[in-house]
Amino acid sequence: MLKDLLLKRRSHRKFTADDISQDAVQLILRAALLSPSSKSKRSWQFVVVEDKLDLEKLADSKAMGGEFLKGCKLGVVVCGDALENDCWIEDGSIAAYGMLLQAEELGLGGCWCQIHKRALPDGTNAEEVVRGILDIPENQNVLCIVGLGHKETERKPQNEDKLKWENVHLNKF
C-alpha cells in the first residue's frame, strides 16, 4: 500500500557493494518518466551514472551533503531547461521523488543530493561542476542527483506521531 511505502521510505546514505539489477534500474527510470509534469511537457532529462570514478567526482561537486554518492551504485542526475519549461524544478522534483519511491518498493535505498543553487567552498557553482563531469549541455540546469544502492542497514519507518498536523490549515491560513 502507498501509505506503508510512504512511512517506510527514508533517506539512505550508506550502501552495500551489491550491484543494482538492470530490471530495477529500468523500473526506477520508468517511475521518473511516468511522473506528472507541467502541461505534460515531460521536458526533464536524466543522466544515469554507473561509473564509480564519475560518482566520486560528483560527490565532490559541492561543499557538503554529496559525500554519500561515493558509495552509491547508481546516480541519476535530474536536469531541465528553464527556457523550455518554467516548472523545470517542480517537474524534476516530482520525478526524483518517484525514483526514490520506486527504489524503496524494490527494497533499495536512496537519497536526494541537491545541486541547484549549491557551490564549492570557493564559490564555484555546483551545476557547472556536474555539467563538466558529465558533458551536460549549457541549456540544461542541474537540479539534483538521486543516489541509489542496496541499503547497508534498515531504518525505522517514519513516526506518525511526529507529523506536524498544525501546519495544515483548512480553508484559510
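A polar contact is a pair of N or O atoms within 3.5 Å; within protein, one atom must be able to donate a hydrogen and the other to accept it. The exercises below concern a predicted model.

**Exercise 1. Ser 35 and its surroundings**

Determine where Ser 35 lies, whether Ser 35 is buried or exposed, and which backbone oxygen its side chain approaches.

*Solution.*
Step 1. Ser 35 is located in the loop that connects helix 2 and strand 1.
Step 2. The relative accessibility of Ser 35 is 4%. The cut-off for a buried residue is under 20%, so Ser 35 counts as buried.
Step 3. A polar atom of the Ser 35 side chain lies 2.6 Å from the backbone oxygen of Ala 32. This distance is within the 3.5 Å limit for a polar contact.
Step 4. When residues up to four places away in sequence are not counted, Ser 35 touches Arg 42, Trp 44, Ile 94 and Ala 95. Of these, Ile 94 is 59 residues from Ser 35 in sequence, while their C-alpha atoms are 6.4 Å apart in space.

**Exercise 2. The architecture of the sheet**

State in which order the four strands are arranged, and explain why strand 1 and strand 3 each have one side without a neighbour.

*Solution.*
Step 1. The four strands form an open sheet with the order 1-2-4-3, and their pairing is antiparallel.
Step 2. Strand 1 (45–49) and strand 3 (108–114) are at the edges. Each has a single partner strand, so one side of each has no neighbour in the sheet.
Step 3. From one strand to the next, the twist averages 20°.
Step 4. Helix 4 (residues 88–105) packs on this sheet and touches strand 1, strand 2, strand 3 and strand 4. The direction of helix 4 makes about 0° with that of strand 4.

**Exercise 3. Bridges between the strands**

Establish how many bridges join each pair of strands, and identify the partners of Val 47, Leu 74, Gly 75, Cys 79 and Cys 111.

*Solution.*
Step 1. Strand 1 and strand 2 are antiparallel and share five bridges. Here Val 47 has Val 77 of strand 2 as its bridge partner.
Step 2. Strand 2 (residues 74–80) and strand 4 (residues 141–150) are joined by seven bridges, again antiparallel. Leu 74 is partnered by Leu 148, Gly 75 by Gly 147, and Cys 79 by Val 142.
Step 3. Strand 3 pairs with strand 4 in the antiparallel sense over seven bridges. In this pairing, the partner of Cys 111 in strand 4 is Gly 147.

**Exercise 4. Burial of strands 2 and 4**

Assess how many residues of strand 2 and strand 4 are buried, and which residues of strand 2 point each way.

*Solution.*
Step 1. In strand 2, seven of the seven residues are buried.
Step 2. Side chains in a regular strand alternate between the two faces of the sheet. In strand 2, Leu 74, Val 76, Val 78 and Gly 80 point one way, and Gly 75, Val 77 and Cys 79 point the other way.
Step 3. In strand 4, nine of the 10 residues are buried, so this strand is largely enclosed by the rest of the structure.

**Exercise 5. The nonpolar cores and Phe 46**

Identify which element gives the largest share of the largest nonpolar core, and describe the contacts and the aromatic pair of Phe 46.

*Solution.*
Step 1. The largest nonpolar core has 22 residues, and those with the most contacts inside it are Ile 20, Phe 46, Val 76, Val 78, Met 99, Val 146 and Leu 148.
Step 2. Two or more residues each come from helix 2 (22–34), strand 2, helix 4 and strand 4. Helix 4 gives the largest share, six residues.
Step 3. Another core, of 19 residues, lies apart from this one; among its members are Phe 68, Leu 69, Val 130 and Ile 145.
Step 4. Beyond its neighbours within four places in sequence, Phe 46 is in contact with Ala 32, Leu 33, Val 76, Val 77, Val 78, Ala 95 and Met 99.
Step 5. Trp 44 and Phe 46, both buried, form an aromatic pair with 5.4 Å between centres and 35° between planes. Planes under 30 degrees apart would count as stacked and over 60 as edge-to-face, so this pair is tilted.

**Exercise 6. The position of His 12**

Locate His 12 and determine which residues His 12 is in contact with.

*Solution.*
Step 1. His 12 is found in the loop between helix 1 (2–8) and helix 2, and its relative accessibility of 5% makes it buried.
Step 2. Setting aside neighbours within four places in sequence, His 12 is in contact with Phe 68, Gly 109, Gly 110, Cys 111, Lys 151, Thr 153, Glu 154 and Arg 155.
Step 3. A polar atom of the His 12 side chain lies 3.5 Å from the backbone oxygen of Thr 153.

Methods:
Residues are numbered from 1 along each chain as its sequence is written. This is a predicted model: local features need pLDDT of at least 70, side-chain atom pairs count only at pLDDT 80 or more; totals for chains, interfaces and linings use all residues. Side-chain values use heavy atoms; hydrogens and water are left out. Rings of Phe, Tyr and Trp (its six-membered ring) pair if their centres lie within 6.5 Å; planes under 30 degrees apart count as stacked, over 60 as edge-to-face and the rest as tilted. Buried means under 20% relative accessible area, exposed over 50%, partly exposed in between (1.4 Å probe, protein chains only). Two strands pair if DSSP finds at least two bridges between them. Axes are lines fitted to C-alpha atoms, for helices over the stretch in contact, and angles run from 0 to 180 degrees between N-to-C directions. Contact means heavy atoms within 4.5 Å. A nonpolar core is a set of buried Ala, Val, Leu, Ile, Met, Phe, Trp, Tyr and Cys residues joined through side-chain atoms within 4.5 Å.
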